[in-house]
Amino acid sequence: MSDNDGIKMVMAVIRPDKLADVKRGLAEVGAPSLTVTNVSGRGSQPAKKGQWRGEEYTVDLHQKVKVECIVADIPADDVVEAIREAAHTGEPGDGKVFVLPVDSAVQVRTGKEGMDAV
């Protein structure tokens, strides 16, 4: 799937109700550190129609959670698989996972750089 040399950022956009499962899955593969952001977006999940005060409206941006995990000492593929398994429902809107290279990293507190900063 991906080259696992160096530092990688695994970024996933998932259903909010699957976050606890994803956190548990990441901890099980040894990647407990993560950043979580509430986001909205659209993909293959169909738009929802609704009514408010008699007016029909369409919601095509769905509430999601973006999970970012930086890894250096464990394979990014293991992190991807943990997220995929934990976030899977089999329905449209389960999300996506991306792996990106990280050019550099610096730990603010200590000044450590590169692999030592992760």
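This passage describes the confidence, the nonpolar core, one annotated tyrosine and the salt bridges of a predicted model.

The mean pLDDT of the chain is 91, and 96% of the residues reach a score of at least 70. Confidence is not uniform along the chain, for it is highest in helix α2, at 98, and lowest in strand β3 (residues 48-52), where the mean is 80.

The largest nonpolar core contains 18 residues, among which I14, V71, V79 and I83 touch the most other members. Two or more residues are given to this core by each of the elements β1 (8-14), α1 (19-28), β5 (62-71) and α2 (76-87), and the largest share, 6 residues, comes from α2. The surroundings of I83 can be described in more detail: when its neighbours within four places in sequence are left aside, I83 is in contact with V10, A12, I14, V22, L26 and V97.

Y57 is listed by UniProt, in an unreviewed entry, under "modified residue: O-UMP-tyrosine". In the model, Y57 is placed in strand β4 (residues 55-59), and with a relative accessible area of 39% this tyrosine is partly exposed, because the value falls between the limits of 20% for buried and 50% for exposed residues. Not counting residues up to four places away in sequence, Y57 touches K48, K49, G50, Q51 and W52.

Side chains of opposite charge can pair when their charged atoms come close. In this model the count comes to 6 salt bridges. One of them joins the side chains of R15 and D94, with a distance of 2.9 Å from N to O, and this pair links distant parts of the chain, since R15 lies in the loop between β1 and α1 whereas D94, 79 residues apart from R15, lies in the loop between α2 and β6 (95-101). Both partners are buried, R15 with a relative accessible area of 16% and D94 with one of 14%.

Other salt bridges form within a helix. In helix α1, R24 pairs with D21, their closest N and O atoms being 2.6 Å apart, and because the two are 3 residues apart in this helix, about one helical turn separates them. R24 is partly exposed at 47% relative accessible area, as is D21 at 27%. In helix α2, the side chains of E81 and R84 meet in a salt bridge of 3.2 Å, N to O, and these residues too are 3 residues apart, about one turn of the helix. Here E81 is partly exposed, with a relative accessible area of 31%, and R84 counts as partly exposed at 44%. Finally, salt bridges that share partners join K18, D21 and R24 into one network.

Conventions
Residues are numbered from 1 along each chain as its sequence is written. Side-chain values use heavy atoms; hydrogens and water are left out. A nonpolar core is a set of buried Ala, Val, Leu, Ile, Met, Phe, Trp, Tyr and Cys residues joined through side-chain atoms within 4.5 Å. Buried means under 20% relative accessible area, exposed over 50%, partly exposed in between (1.4 Å probe, protein chains only). Helices (H or I, at least four residues) and strands (E, at least two) are DSSP runs, numbered from the N terminus. Contact means heavy atoms within 4.5 Å. pLDDT is the predictor's confidence in each residue, from 0 to 100. UniProt positions are given in the numbering used here, feature names are shortened, and annotations may be inferred rather than shown by experiment. A salt bridge is a side-chain nitrogen of Lys or Arg within 4 Å of a carboxyl oxygen of Asp or Glu.
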